[in-house]
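Please open the structure in a viewer and keep the selection panel at hand. The stops below proceed from one selection to the next.

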Amino acid sequence: MSHDDGLCSIGELAERAGITVKAVRFYSDNGLLPEASRSAGGHRRYGPDALGRLRMLRSLRTLGLPVREVRRVLDEEEDGAEAGAGSVLEDVVAGQLRELGSQLTALRWREAGMRLVLECPPAERADRLRLIGAVATPPNTAPLARFWRAWLPPRMPARATAAFLEVAVAQPPDDPAPAQVLAFARLNALVTRPCTGAERPQPEAHKAAGAHTSAVLYAGLAQAYDLAGTQLRRGAEPHSGEELDSFVGAYASAYSSRDTPAFRGLLAGQLAADPRIDRYWELTADVITAPGGPPEPTPGTAHDWLFAALDAQTAATG
């Protein structure tokens, strides 16, 4: 400091910190860099701690932290709290990392979407652009969740609904291939198009369950689908076993019935007559499968595998 009182001017502080006077004035005006006093002529004066605070401030701003978050970190630094010291900085940086991750995901989706438009035949570009443009970046799965909430039994317990949505709603990858972006855009268009209840009716095997028994049914089906998914990854053909027993048991428990050959015959007939939403599951598999990899199982493909096993068994037993 160049003055007898240990204080320095705004110009001297800016020079020592290697920034402009305008920047120092901005920080001061926003309460991030308090002045120690004013000279007789009304000029700002700063104390010995100002340079260290200013350097910390610049470092935080270099990380891209907004002013309000910088203030939180500096206030904690100034308070010198022993308990949990640095916790604000940790929270702020973690928040910025999450935000950057979201921004990077959005950029990757935009890039893949642009490649889709650029690489398709010129006559298809307008339609593809409209399809891709209807998807937010980063992609939003809320439309898919709304689709399933309208499809699930009314008044099904919230916990059971959340558990089903976790497996039924396709989670888009952070770094998608163009084909995955196209599949998600088509999936988004499928669930957001105007339709009547008759176009996506709930299976009769599910509608008969009440609010409580529907939770039992879907919990049991989730377990069966998980078991069948293991068989699908192995490339196994549909067959009788633990997977099929779990599948039939879910329906038997929901309807307070016993798992008998007669029950299996009735269930096979009902499932064969129930409506299907194969297109949803086809697109879901395209979204969640890594490029060039084997198709990832979905609840839809697991259901098909289990039904095929049930149908074969009931046909064999007459």
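Begin by selecting helix H6 (residues 125-133) together with H9: in this predicted model, the two helices pack at an angle of about 75 degrees, with their axes 8 Å apart. H6 and H9 are therefore roughly perpendicular to each other, since angles of 65 to 115 degrees count as such. To display the interface, show the side chains of Arg128, Leu131 and Ile132 in H6, which meet Val181, Leu182, Ala185, Arg186 and Ala189 in H9.

Keep Val181 highlighted and add Arg110, which belongs to helix H5 (residues 87-119). Along the chain, Arg110 and Val181 are 71 residues apart, yet a distance of 9.2 Å separates their C-alpha atoms. Is Arg110 buried, exposed or partly exposed? With a relative accessibility of 44%, Arg110 counts as partly exposed.

Next, hide H6 and bring in H7. The axes of H7 and H9 cross at roughly 40 degrees and come within 9 Å. This pair is therefore oblique, and H7 passes H9 in a left-handed crossing. On the H7 side, select Pro143, Leu144 and Phe147; their partners in H9 are Phe184, Leu187, Asn188, Val191 and Thr192.

Pause at Asn188, a residue of helix H9. Its relative accessible area is 8%, so Asn188 is buried, the limit for that class being under 20%. Which residues does Asn188 contact once neighbours within four places in sequence are left aside? They are Ala134, Val135 and Pro143.

Now move along H7 (residues 142-151) to Trp148 and Trp151, which lie 3 residues apart and are thus separated by about one helical turn. The structure holds 12 aromatic pairs. In the pair formed by Trp148 and Trp151, the ring centres are 5.0 Å apart and the planes stand at 85 degrees, so the arrangement is edge-to-face. Trp148 has a relative accessibility of 1% and therefore counts as buried; Trp151, at 9%, also counts as buried.

From Trp151, extend the selection to Phe164. These two rings form a stacked pair, 6.4 Å centre to centre with 10 degrees between the planes. Because Trp151 lies in helix H7 and Phe164 in helix H8 (residues 158-168), the pair ties together parts that are 13 residues apart in sequence. Both Trp151 and Phe164 are buried. To see the wider arrangement, select Phe147, Trp148, Trp151, Phe164, Tyr218, Tyr280 and Trp281, which ring pairs link into a cluster.

The final stop is the nonpolar interior. In soluble globular proteins, nonpolar side chains tend to be buried together. Here the largest nonpolar core has 55 residues. Leu144, Trp148, Leu221, Phe247, Tyr251, Tyr280 and Leu310 have the most contacts inside this core. Helix H9 (residues 178-192) supplies the largest share of the core, 8 residues.

Centre the view on Leu310. Not counting residues up to four places away in sequence, Leu310 touches Leu244, Phe247, Val248, Arg264, Leu267, Ala268 and Leu271. Apart from the largest core lies another, of 23 residues; Cys8, Ala17, Leu51 and Leu54 are among them, and selecting these four residues completes the tour.

Terms used. Residues numbered from 1 in each chain as written. Predicted model: local features only at pLDDT ≥ 70, side-chain atom pairs only at ≥ 80, totals over all residues. Heavy atoms only, no water. Core = buried A, V, L, I, M, F, W, Y, C linked by side-chain atoms within 4.5 Å. Buried < 20%, exposed > 50% of the residue type's maximum accessible area, 1.4 Å probe, protein only. Helix = DSSP H or I, 4+ residues; strand = E, 2+ residues; numbered from the N terminus. Contact = heavy atoms within 4.5 Å. Phe/Tyr/Trp six-rings, centres within 6.5 Å; stacked < 30°, edge-to-face > 60°. Axes fitted to C-alpha atoms, helices over the stretch in contact; angles between N-to-C directions. Parallel < 35°, antiparallel > 145°, perpendicular 65-115°, else oblique. Left-handed = near helix turned anticlockwise from the far one by under 90°.
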